[in-house]
Structure formats: C-alpha cells, structure tokens
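Biologist: Got a minute to walk me through this one? I'd like to go over the strands, the rings and the pockets.

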Amino acid sequence: MKQYIYFIITVCFLVLWSSCRKDFEFSPSTGSLEFSRDTVYLDTVFTNIGSSTYNLKVYNKSDNDILIPSVKLATGNASQYRLSVDGMAGKTFENIELLANDSLFVFIETTLDINSTPNINGEFLHMDQIEFDSGGNLQKVELVTLIKDAVFIYPNRDNTTKVIDTLTLNIGGEQFITNLQGRELLPHELTLTNEKPYVIYGFAAVPSGQTLTVEAGARLHFHENSGIIVQSGASIKVNGTYSPDQETLDNEVIFEGDRLEPNFSERPGQWGTIWLLDGSFGNTFNYATIKNALVGILCDGNVNAFNGKLNIKNSQIYNSGSFGILGRNTSINGENVVLNNAGQSSLAATFGGKYNFTHCTIANYWQNSFRPLPALLVNNFVIDEDETATVADLDEANFNNCIIYGNDNPEFLLDEIEDDAVSFNFKFTNCLVRFEDRNNNFTGDNYNFENTALYEGVIFNKDPDFKDPSKNMLIIGDDSAANAKGNSSFASQVPDDILMVNRTASPDLGAYQHITFPDEEEN
C-alpha cells in the first residue's frame, strides 16, 4: 500500500511540474549579438605551420532565448580558417541556440600556405570574416593573420614507409648511430643569410670538413626536439654585428623556437640545443641571441684546442630549460656574454677543462620551478649510468670582471672530487658574486675567500642593480655595486661593452657599463 501511495504522489508531482514548465522558445536573432572583440588577430605564423587556437565570445544580452540562423566563414569551405562553434567543428553552422543573457565560444585556428596569399613586402596577410546571420541582421567579426615565408630544413622521409631519417654522427673521428631525427646540411645550406627566416625540423648536422656560416641578421627557428649539431672536423661561425636598435636587433643572429605567438616569446625549453661535438673546432659566436632552448650551447671535448674550442662574444643566452652553456671537458672563452634564466645552471663548466670569462654577466633568476643548481657550476667529474665518477683536470676556470648573481643563494658552486692525479685551478678576479654561507656548509680551501690566489677584489652579496632580470634586462644602473670596480687590465682586453660603450676609463663589472634608468632621471 505504501509503495502505491508513493507512486501516486510521484506521478502527481511530475504532472504538476510539467504543467507549470514553459518550454524554451527561441526567437530569431535580430542582429543584436555582442562580441568580445570585433577583430581576431591570429598572431604571425610560418607558412604551413598551424596556429594556436584563439577564441571569440558571443553574447546574447537580451532577455529572450534566440536562434542564430547561420554562423559561417565568409569564404565558406574555401576558407583557410577552421571554426569550432558550441563544440562542433566546421566552417558553416545553422540554427545555433543561445539562451537569454548567456554566451557561447567560437574557437578559431588556421594553417596557411603562403603561395596562395598575396605578397606584401615579403610578408603575407590573410583575412576572412565570421558572419553571424544574414541580410539586415548580418553581423561580422574580422579574422586577420600575418604569414611569414621561410626556408624549411626537414629530415629526409621515406615516402613508402614514412620513416624519418636519423643521424649517424662523427664524434671525435668515430661514427655513432643515433635515434636523433635529422640530416646533414647540403652544400647550399651551409651559408644562412638574412633574406628569409629558417625553420629547422629535427637536427641539422654540419658535415665533417665543412663550416656553417650564419650571416648578420639571420633568424633561425627550431621546432620541438630540433637544433644544430656540429660534427667532428666541422665548425660554426655566427657573424652577427651590433644593432643600434636594441628593440629589433636587426644585425644580431637570433636562435629561437618556431612558435611566433606572443605567449611563446619567452617560454623556456621549446627546442633542443646547438651541440658542438668532440672534434669540432674553431666555433665562434658574435652578437647572437639564443633563447628558449633546452640547452643554449652544449660544448664537448677538445680541451686543448688552439685559442679555445668555443669563442663567444657579445651574446645573450636566456630562457634555457636546463643550461645556458654546458661545457664538458672542453675549452670556452667568453667576453661580454650575458646569461640568465636557466632551469639548472646558466653556465656549467663540468668534467674539468679550460674556461675563461671576462666582463660577463652570469645570472639566474629562474622562477618557473625549483632550481637545483646555482647560476655558475664548476666541477671536475662526470658520473656514468653506473654511478661511477670519472675525474679530469680543471686546467683553468678564470672569471674576470664578472657579475655572478641570481635569486638564490649561493650562486656559484665549486664541486671538486679531490684526486692527487688531477688539478682544480680557478680564480675570481674583480667579480660581484652572490655567496652567503649562513650554515657553514662550504668549507675547505676552495672556499677560502681570504686567499688572494683564488679570490682577488671580489665583492660579495651587494646589489648589482639590474634593470629587470625577470625580463632578461641585465644592464646595471647608477646604484650598482659593480660600478667602477673592474680591473683595468682586463678591461683593456675587452675595451667596449656589449652595447659598444667604451669602458676603459672606468670599467664596470659584467657585460654592460651602467646607465641611468628613466625613473632615476625623474628623481
């Protein structure tokens, strides 16, 4: 009996509820939709590379539920844009319902072929419209995309098996089969100019006996898991020059990822590395910016190379997922180098070697995650997969008129495995460093800051007064503790700073002579 009563009550409730419910009634749209923007700019893309997905919000601010008869791209199925409306993908949509005082999202993306678009001064503008309704109720939202032409360097692919070629590399005169996708550069690809950007998929390898020359103003963009490998017997010469316009850096050579949207412009770890294999030689970088790589430059071997295996000057490396420069038992000379924002160390001089850096700014203000290592790491060993350490001579690690700083403390580490058979030679001369050992964790001769054979004219824990290290702006201001603290002998070896300002009369530490920041001028 109880079950019967419950059944009757439930049926009555449903009948009463349904009799009171008013079905949704949708009125035709009257052309009064509102939009989050009247033009959607899909940021610059390279030809045939898909864009990010952008959104447009459509509002019905009336008190009536409406029906939008049609939503479509003005050029219909021929359009190079793709839409998703209310969860449905396509280019034309009909009878889209939109409740009173509600909204819906339209998602937009594109992949464009530059050959089908008019050329405007070397750049290509593609436009279309999203049309809502028609006739007297027609409303439009503009779509605009700028396309850049580029030279593409791809790995070879077997059209039958679809297998992408992998590299066999010459390392120290021996051939090693790898699983790295890529290919060797062809003769006509060994000089990269500023005529068009280059987009590299996979690793582009410089063949043994050849030199890759990168001319001033060149732009190199790398896809994910891509980079440059300089094989044994090969070289890379990056010949950038000073750019008076520091916004556009027209004359510098820039290495970065292939995503051109603004939210990718400072994102670390988008591509692989520039890898100088053991046996490569005479590698030079001048006025280069290397950004957003996993490792900016990876330099292996040739510790006794004449004048150094890698000579890098007037260059910036930042937003590196792991290391800005990683040296492994190698020889590197740096002048006017600016390093910042690396997931581990901005400069890692490991497994011994020879390292000489003069008037360099070695900073690390990484904020993306926990950072396990300081801005500068120097050690004399490598640990293999069996956790066995192999030591090597640290012949020299000299830092002259440098700034070594960051948002952690300490910002340099001398990690030595003591062995009477190997040397561990280093010296800091006229440097501003961040190192405060509050818990007395760093002991031994390497941290005897009173020993002038190791530390001479070093300033500890004073403010470098960087302009904005979070934005990789490491020029120093009037209040910097580095001002006029440089050793004049080393300054004479590098007489101009990275901005071509002469420093010899009163040398500041680091890569920059100080300036007066605009807010300081107002005060």
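Modeller: Here is a short tour, starting with one strand and ending with a contact between two residues. Keep in mind that this is a predicted model.

Biologist: Let's start with strand 23. Is it mostly covered or mostly open?

Modeller: Strand 23 covers residues 253-257 and is mostly covered. Five of its five residues are buried.

Biologist: Which way does strand 20 run against strand 23, and how many bridges join them?

Modeller: They run parallel, joined by four bridges. Strand 20 is residues 219-222. Phe222 stands opposite Gly257 in strand 23.

Biologist: What about strand 26? How does that one pair with strand 23?

Modeller: Also in the parallel sense, over three bridges. Strand 26 is residues 288-291. To find the register, look at Val253, which stands opposite Ala288 in strand 26.

Biologist: Switching to rings. How many aromatic pairs does the structure hold?

Modeller: It holds 25 aromatic pairs. Take Phe357 and Phe399: their ring centres are 6.0 Å apart and their planes sit at 10 degrees, so this pair is stacked.

Biologist: Why do you say that pair ties separate parts together?

Modeller: Phe357 lies in strand 30 (residues 345-358) and Phe399 in strand 35 (residues 394-400), so the pair links parts that are 42 residues apart in sequence.

Biologist: Buried or exposed, for Phe357? And for Phe399?

Modeller: Phe357 is buried, at a relative accessible area of 0%. Phe399 is buried too, with 0%.

Biologist: Give me another pair.

Modeller: Try Phe428 and Tyr455, which are stacked. The centres are 5.6 Å apart, with 0 degrees between the planes. Phe428 is in strand 38 (residues 427-429) and Tyr455 in strand 40 (residues 455-456), so this pair ties together parts 27 residues apart in sequence.

Biologist: How accessible is Phe428? And Tyr455?

Modeller: Phe428 has a relative accessible area of 1%, so it is buried. Tyr455 is at 4% and counts as buried.

Biologist: Which residues do ring pairs link into a cluster?

Modeller: The cluster takes in Phe357, Phe399, Phe428 and Tyr455 from those two pairs, along with Phe412, Phe424, Phe426, Phe435, Phe442, Tyr447, Phe449 and Phe460.

Biologist: Now charges over rings. What lies over the face of Tyr59?

Modeller: Lys61, at 5.3 Å from the ring centre. There is also Arg259, which lies over the face of Phe264 at 4.5 Å from the ring centre.

Biologist: On to holes. How many cavities of 30 Å³ or more does the count come to?

Modeller: One. The largest cavity has about 40 Å³ of space.

Biologist: What lines the largest cavity?

Modeller: Thr44, Val45, Phe46, Ile49, Gly50 and Ser51, plus Asp258, Arg259, Leu260 and Glu261. So Arg259, which lies over the face of Phe264, is also in the lining of the largest cavity. By class, that lining has four nonpolar, three polar and three charged residues.

Biologist: And what volume does the largest pocket have?

Modeller: About 1,100 Å³. It is lined by 38 residues. Gln246, Glu247, Thr248, Leu249 and Ile254 lie nearest its centre.

Biologist: Which strand gives the most to that lining?

Modeller: Strand 43, with three residues. Strand 20, strand 23, strand 26, strand 28 (310-320) and strand 43 (473-476) each supply at least two.

Biologist: How does the lining of the largest pocket divide by class?

Modeller: Into 13 nonpolar, eleven polar and 14 charged residues.

Biologist: What about the second largest pocket? What volume, and which residues lie nearest its centre?

Modeller: The volume is about 250 Å³. It has 15 lining residues, and Thr350, Asn379, Phe381, Val382 and Ile383 lie nearest the centre. Strands supplying at least two lining residues each include strand 29 (323-342), strand 30 and strand 37 (412-415). The lining has ten nonpolar, three polar and two charged residues.

Biologist: Last one. Where does Leu432 lie?

Modeller: In strand 39, residues 432-433. Leu432 is buried, with a relative accessible area of 0%. Leu432 and Phe460 are 28 residues apart in sequence and 6.0 Å apart in space, C-alpha to C-alpha. Phe460 is one of the residues in the ring cluster.

Conventions: Residues are numbered from 1 along each chain as its sequence is written. This is a predicted model: local features need pLDDT of at least 70, side-chain atom pairs count only at pLDDT 80 or more; totals for chains, interfaces and linings use all residues. Side-chain values use heavy atoms; hydrogens and water are left out. Buried means under 20% relative accessible area, exposed over 50%, partly exposed in between (1.4 Å probe, protein chains only). Two strands pair if DSSP finds at least two bridges between them. Rings of Phe, Tyr and Trp (its six-membered ring) pair if their centres lie within 6.5 Å; planes under 30 degrees apart count as stacked, over 60 as edge-to-face and the rest as tilted. A charge sits over a ring if NZ of Lys or CZ of Arg is within 6 Å of the ring centre and within 35 degrees of the ring normal. On a 1 Å grid over the protein atoms alone, a cavity is a set of points where a 1.4 Å probe fits but cannot get out, and a pocket is an open set with protein on both sides within 12 Å along at least five of seven lines; lining residues have an atom within 4 Å of a point. Grid points are joined across faces, edges and corners, and a volume is the space filled by probe spheres set on the points. Ala, Val, Leu, Ile, Met, Phe, Trp, Tyr, Cys and Pro count as nonpolar, Asp, Glu, Lys and Arg as charged, and the others, Gly among them, as polar.
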